[in-house]
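This report looks in turn at exposure, packing, empty space and annotation. It begins with a single loop residue.

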Amino acid sequence: MNRPASDSFLAPGPLVLAGLIVIAALTRLLPHPPNFSPVEAVALFGGAYFASKRWAFFVPLAGLFVSDVALAAINGGTYATWFSGAGIWLVYLCIALTTALGLNLRGRVSGARVLGYSLVGSVLFFLVTNFGAWMSDPSYPKTAAGLMAAYVAGIPFFQWTVLGTLFYSAALFGGFALLRRRVPALHAQTV
């Protein structure tokens, strides 16, 4: 049985999507403000455009993993211990949840929708990861006040999460829209 080209990872459309996601994920290796990263944007982008839901989830998670391994190799020590903590699993959970959000953009991508979903993804990331910090950090009392303290402590990072998500969403979605106009085969092989 032959599979449609859009379902094959080796078709130009999925390869271009994967390449854009990996390149965006590797920008985490460049100097940047804390939390100014492509993490949420690549998840939305993958969910919105991969015809295969399997690839929509796998490629953003793989891109994040490759960049995490590279960051651990470059920075060692503290960053390398990130792999043994619960925090990493919450970040990867956020990526999967944001990819699921991105599935709702399929065939309905517009500037306003990408903006809205980028903001929702950023808020989701903030809520989940700071909840995880509250759960795992013994300095936060396991009370409502302790949870609020964890969220308040995360506010300075939240602005960078939002700005990073918006920047990378604009770059990925906008760049891919331009590519699709110039290369019609990409339009036929992606959602």
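## Basis and the loop between helix 1 and helix 2

At 82% relative accessibility, Pro31 counts as exposed, where exposed means over 50% relative accessible area, buried under 20% and partly exposed in between (1.4 Å probe, protein chains only). The model is a predicted one, in which local features need pLDDT of at least 70 and side-chain atom pairs count only at pLDDT 80 or more, whereas totals for chains, interfaces and linings use all residues. Residues are numbered from 1 along each chain as its sequence is written, and side-chain values use heavy atoms, with hydrogens and water left out.

Pro31 lies in the loop between helix 1 and helix 2; helices (H or I, at least four residues) and strands (E, at least two) are DSSP runs, numbered from the N terminus. Its C-alpha atom is separated by 17 Å from that of Gln159, with the two positions 128 residues apart along the chain. Asn35 lies in that loop between helix 1 and helix 2 as well, is partly exposed at a relative accessible area of 30%, and has a phi near 70°, a positive value in a residue other than glycine. Phe36, also placed in the loop between helix 1 and helix 2, is buried, with a relative accessible area of 18%.

## Contacts of single residues

Which residues does Phe36 touch, not counting residues up to four places away in sequence? They are Trp160, Leu163, Gly164, Phe167 and Tyr168, where contact means heavy atoms within 4.5 Å. For Phe36 and Leu163, which are 127 residues apart in sequence, the C-alpha to C-alpha distance is 6.6 Å.

Thr165, in helix 7, is buried, with a relative accessible area of 1%. Leaving aside its neighbours within four places in sequence, Thr165 is in contact with Ser37, Glu40, Ala41, Ser118 and Ser122. Ile23, found in helix 1, is by contrast exposed, with a relative accessible area of 57%; its C-alpha atom lies 13 Å from that of Gly46, and these two residues are 23 apart in sequence.

## Nonpolar cores

The largest nonpolar core has 23 residues, and those with the most contacts inside it are Phe45, Tyr49, Phe50 and Phe173; such a core is a set of buried Ala, Val, Leu, Ile, Met, Phe, Trp, Tyr and Cys residues joined through side-chain atoms within 4.5 Å. At least two residues of this core come from each of helix 1 (12-26), helix 2 (39-49), helix 3 (53-75), helix 6 (111-136) and helix 7 (144-182). Helix 2 gives the most to this core, with 6 residues.

Phe45, with neighbours within four places in sequence left aside, is in contact with Leu17, Leu20, Ile21, Leu172, Phe173 and Phe176. Apart from the largest core lies another, of 10 residues, among them Leu64, Val91, Tyr92 and Cys94.

## Pocket and cavity

About 940 Å³ of space lies in the largest pocket. On a 1 Å grid over the protein atoms alone, a pocket is an open set of points with protein on both sides within 12 Å along at least five of seven lines, a cavity is a set of points where a 1.4 Å probe fits but cannot get out, and lining residues have an atom within 4 Å of a point. Grid points are joined across faces, edges and corners, and a volume is the space filled by probe spheres set on the points. Of the 35 residues that line the largest pocket, Asn35, Trp82, Val91, Phe125 and Thr129 are the closest to its centre. Helix 2, helix 3, helix 5 (87-103), helix 6 and helix 7 each supply at least two residues of this lining.

The structure holds 1 cavity of 30 Å³ or more, and the largest cavity contains about 40 Å³ of space. The residues lining the largest cavity are Ala25, Arg28, Pro38, Val39, Val42, Pro60, Gly63, Leu64 and Ile95, and helix 3 provides the largest share of that lining, 3 residues.

## Annotated spans

The unreviewed UniProt entry lists residues 12-30, 55-74, 80-103, 115-135 and 155-179 under "transmembrane region"; UniProt positions are given in the numbering used here, feature names are shortened, and annotations may be inferred rather than shown by experiment. In the model, the span 55-74 is 100% helix and 0% strand, with its end C-alpha atoms 28 Å apart. Residues 115-135 are likewise 100% helix and 0% strand, and the end C-alpha atoms of that span lie 30 Å apart.
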